[in-house]
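User: I keep meeting labels and don't know where they come from. Please walk me through a few, with the reasoning.

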Amino acid sequence: MYRFLATPRWLGYAALTLAAATVMVLLGLWQLDRYDQRAEINARINAGTSATPVPLTDVVGAPRAGAGTVGPEPAEHSEWTRVTVTGTYDPAHEILVRGRTVEGAVGFEVLTPLVLRDGTAVLVDRGWVRPASSGALTAPDVPAAPSGAVTVAGRLRPSESRGGRPQEVAGHAEIRRITPAAIAPTVPYALFDAYVSSDEPAAGFTAVPAEKQNALQNAGYVLQWWLFAAMTLYGFGYLARREAIGPRPDNLLDEELDEEEEPVHNAPL
């Protein structure tokens with residue numbers, strides 16, 4: 001009854017069905033891996049809200065070369081770790097990071113180098129400020145960095161990609177992406193290849209929230225791809241069953257229609 005499955009045509013259908021279902025299963029596994037990665041990031045963000053800060057140098061290596069260079073990259077899973085670091089702010093090399101959105105508004109994040117005792121420095125994101133009401137060509141109102149030695153606690157953030165050197169705009173330095181390797185040649189010290197996002201910004205700043213990943217979206221894609229794979233296999237089985245049964249004879253169809261018709265009786269006058 002199913003000998004037709006061994007014909008070249010149906011063997012081709014079977015191979016195409018298996019190939020399509022395999023690709024869909026693999027896509028589901030890829031989305032499952034993305035779900036695990038994003039769920040892990042969210043777990044680190046949640047854990048960081050109550051974790052005790054650790055020294056910065058326990059998480060990322062300090063730069064060892066001279067001024068204008070950066071240190072080693074932080075470990076892959078160190079992002080969002082709460083760290084603490086002590087040093088002195090260098091407001092002369094403060095940078096505004098433009099195009100940053102917080103609570104639905106676009107403004108600036110304020111990046112100030114914190115110079116450590118050994119002469120190296122780490123960039124500290126002191127918080128977010130609104131743009132000046134007079135327009136983009138006017139410097140926003142930025143609270144001054146505290147003088148003297150300060151201890152900063154915050155989340156470790158890795159270098160952002162495709163960043164460029166700071167450019168002067170309306171008397172202040174601006175960048176679009178935070179990339180210590182691109183900023184290092186413009187400052188008189190070596191930089192850590194990461195930055196610290198302050199947990200408790202000073203008055204006048206808005207804290208930059210940790211951006212959680214949408215892991216549930218990836219979980220939905222997993223179910224979607226695996227459901228498509230199941231439907232593809234079911235569709236092949238359904239078509240094979242229809243082919244095996246074949247078309248129904250016309251006389252059999254007529255008999256069934258006759259059985260379904262109810263006799264009509266003339267009512268007595």
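User: How do you know that the span of helix α3 agrees with its number of residues?
Analyst: Helices here are DSSP runs of H or I, at least four residues, and strands are runs of E, at least two, numbered from the N terminus. The expected span is 1.5 Å times one less than the number of residues. Helix α3 (residues 215-245) has 31 residues, so 45 Å is expected; its end C-alpha atoms are 46 Å apart, which agrees. Just after α3, Gly 246 takes a positive phi of about 75°.

User: What kind of model is this, and how are values taken?
Analyst: The model is predicted: local features need pLDDT of at least 70, side-chain atom pairs count only at pLDDT 80 or more, and totals for chains, interfaces and linings use all residues. Residues are numbered from 1 along each chain as its sequence is written, and side-chain values use heavy atoms, leaving out hydrogens and water.

User: Where is confidence lowest, and where is it highest?
Analyst: pLDDT is the predictor's confidence in each residue, from 0 to 100. It is lowest in helix α4 (residues 250-260), at a mean of 52, and highest in β5, at 96. Where pLDDT is low, the predicted coordinates should not be read in detail.

User: Why is Arg 82 called buried?
Analyst: Buried means under 20% relative accessible area, exposed over 50%, and partly exposed in between (1.4 Å probe, protein chains only). Arg 82 has 16%, so Arg 82 counts as buried. This residue lies in strand β2.

User: What makes the pair Arg 82 and Asp 199 a polar contact?
Analyst: A polar contact needs N or O atoms within 3.5 Å; within protein, one must be able to donate a hydrogen and the other to accept it, and residues adjacent in sequence count only if both atoms are side-chain atoms. The side chains of Arg 82 and Asp 199 make such a contact at 2.7 Å.

User: Why is the pair Trp 225 and Phe 228 called edge-to-face?
Analyst: Rings of Phe, Tyr and Trp (its six-membered ring) pair if their centres lie within 6.5 Å; planes under 30 degrees apart are stacked, over 60 edge-to-face, the rest tilted. For Trp 225 and Phe 228 the centres are 6.0 Å apart and the planes are at 85°, so the pair is edge-to-face. Both sit in helix α3, three residues apart, about one helical turn.

User: Is Trp 10 buried or exposed, and what about Tyr 13?
Analyst: Trp 10 has 5% relative accessibility, so Trp 10 counts as buried. Tyr 13 has 38%, so Tyr 13 is partly exposed.
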